[in-house]
Amino acid sequence: MKSIKVLTVASNFPDIYYPTIAPWSKLQVDAIQKYTDVDVEVIVPRPYSIPWSLLPYYKFALLPIRTMSDTGYYMHFPRFPWLIPKKLFFSEIGRASCRE
C-alpha cells in the first residue's frame, strides 16, 4: 500500500530557536504523523534576516534550510525578502481607518 503524502505550509510553526511559536501547529502535524501510512513534510517560510544579534529575529538566519523534526518529518525553511517591517505603517493604518 502506498503512503499518503501530506504537505503542510505554516507561517507560524515552532523551530529550534523559537520553540514556543504556535505549538498548536506542531501538535496538529504530530497527530497526522502518528498514522503509519502518512508521509508529512512541513514548509515554514521565514523572512530573510542578517545574523546580527541587534536585529529582531536574527536567529532566523541561523536556521538550516531543511531539518528533521523530533517526531520524524522534514521541515523546510525557505527564506523570503522582508524589506520593510510592518510596524512602520501601523500609525498610517490607524489614521486611514479613522478617515471618512
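Which residues have the most contacts inside the largest nonpolar core? They are Phe13, Val29, Val40, Val42, Tyr73 and Met75, and the core that they belong to has 13 residues. A nonpolar core is here a set of buried Ala, Val, Leu, Ile, Met, Phe, Trp, Tyr and Cys residues joined through side-chain atoms within 4.5 Å. The terms for exposure rest on relative accessible area: buried is under 20%, exposed is over 50%, and partly exposed lies in between, with a 1.4 Å probe and protein chains only.

The model is predicted, with local features requiring pLDDT of at least 70 and side-chain atom pairs counting only at pLDDT 80 or more, whereas totals for chains, interfaces and linings use all residues. Residues are numbered from 1 along each chain as its sequence is written, and side-chain values use heavy atoms, with hydrogens and water left out.

The chain contains two helices and six strands, arranged from the N terminus as β-α-β-β-β-β-β-α. These elements are DSSP runs numbered from the N terminus, helices being H or I of at least four residues and strands E of at least two. Of the 100 residues in the chain, 25% are buried. The accessible surface is about 7600 Å², and carbon and sulfur atoms account for 64% of this area; such areas come from the Shrake-Rupley method with a 1.4 Å probe, and for residues only the protein chains shown count as cover. Contact denotes heavy atoms within 4.5 Å. Among contacts between residues at least 6 apart in sequence, 61% join residues at least 24 apart.

To return to the core, its largest share, three residues, comes from strand 2. In soluble globular proteins, nonpolar side chains tend to be buried together. Phe13 illustrates the surroundings of one core residue: beyond neighbours up to four places away in sequence, Phe13 touches Ile21, Ala22, Ser25, Lys26, Val29, Val42, Val44, Arg46, Tyr73 and Met75.

Helix 1 supplies several of these partners. Its buried residues are Ser25, Lys26, Val29, Asp30 and Gln33. Viewed down the helix axis, they fall within an arc of 135 degrees (taken over the directions from the helix axis to the C-beta atoms), so they line one face of helix 1. That buried set packs against strand 1 and strand 2, while Trp24, Leu27 and Gln28 are exposed on the other side of the helix.

Charged pairs come next. A salt bridge requires a side-chain nitrogen of Lys or Arg within 4 Å of a carboxyl oxygen of Asp or Glu, and the whole structure has four of them. One joins Asp39 to Lys5, with the closest N and O atoms 3.5 Å apart. This pair links distant parts of the chain, Asp39 being in strand 2 (residues 38-43) and Lys5 in strand 1 (residues 4-9), 34 residues apart. Asp39 is partly exposed at 33% relative accessibility, whereas Lys5 is exposed at 64%.

Lys26 takes part in further pairing. Its salt bridge with Asp30 has closest N and O atoms 2.9 Å apart; because the two residues are four residues apart in helix 1 (residues 23-33), about one helical turn separates them. Asp30 is buried, with a relative accessible area of 14%. Lys26 also meets Asp70 in a salt bridge, at 3.1 Å from N to O. Asp70 lies in the loop between strand 4 and strand 5 (74-76) and Lys26 in helix 1, so this pair ties together parts that are 44 residues apart in sequence. Asp70 itself is exposed, at 66% relative accessibility. Through shared partners, the salt bridges join Lys26, Asp30 and Asp70 into one network.

The surface also carries nonpolar groups. Tyr48, Ile50, Trp52 and Leu55 form a nonpolar patch with about 430 Å² of accessible area together. Patches consist of residues with over 30% relative accessible area and no salt bridge, with like charges joined within 9 Å and nonpolar side chains (Val, Leu, Ile, Met, Phe, Trp, Tyr) within 5 Å. Trp52 lies in the loop between strand 3 and strand 4 and is exposed at 54% relative accessibility.

Ile65 is found in the loop between strand 3 (46-47) and strand 4 (66-68), and at 56% relative accessibility Ile65 is exposed. Outside its neighbours within four places in sequence, Ile65 contacts Met75, His76, Phe77 and Arg79. Arg66, in strand 4, is partly exposed at 46%; with the neighbours within four places set aside, Arg66 contacts Tyr74, Met75 and His76.
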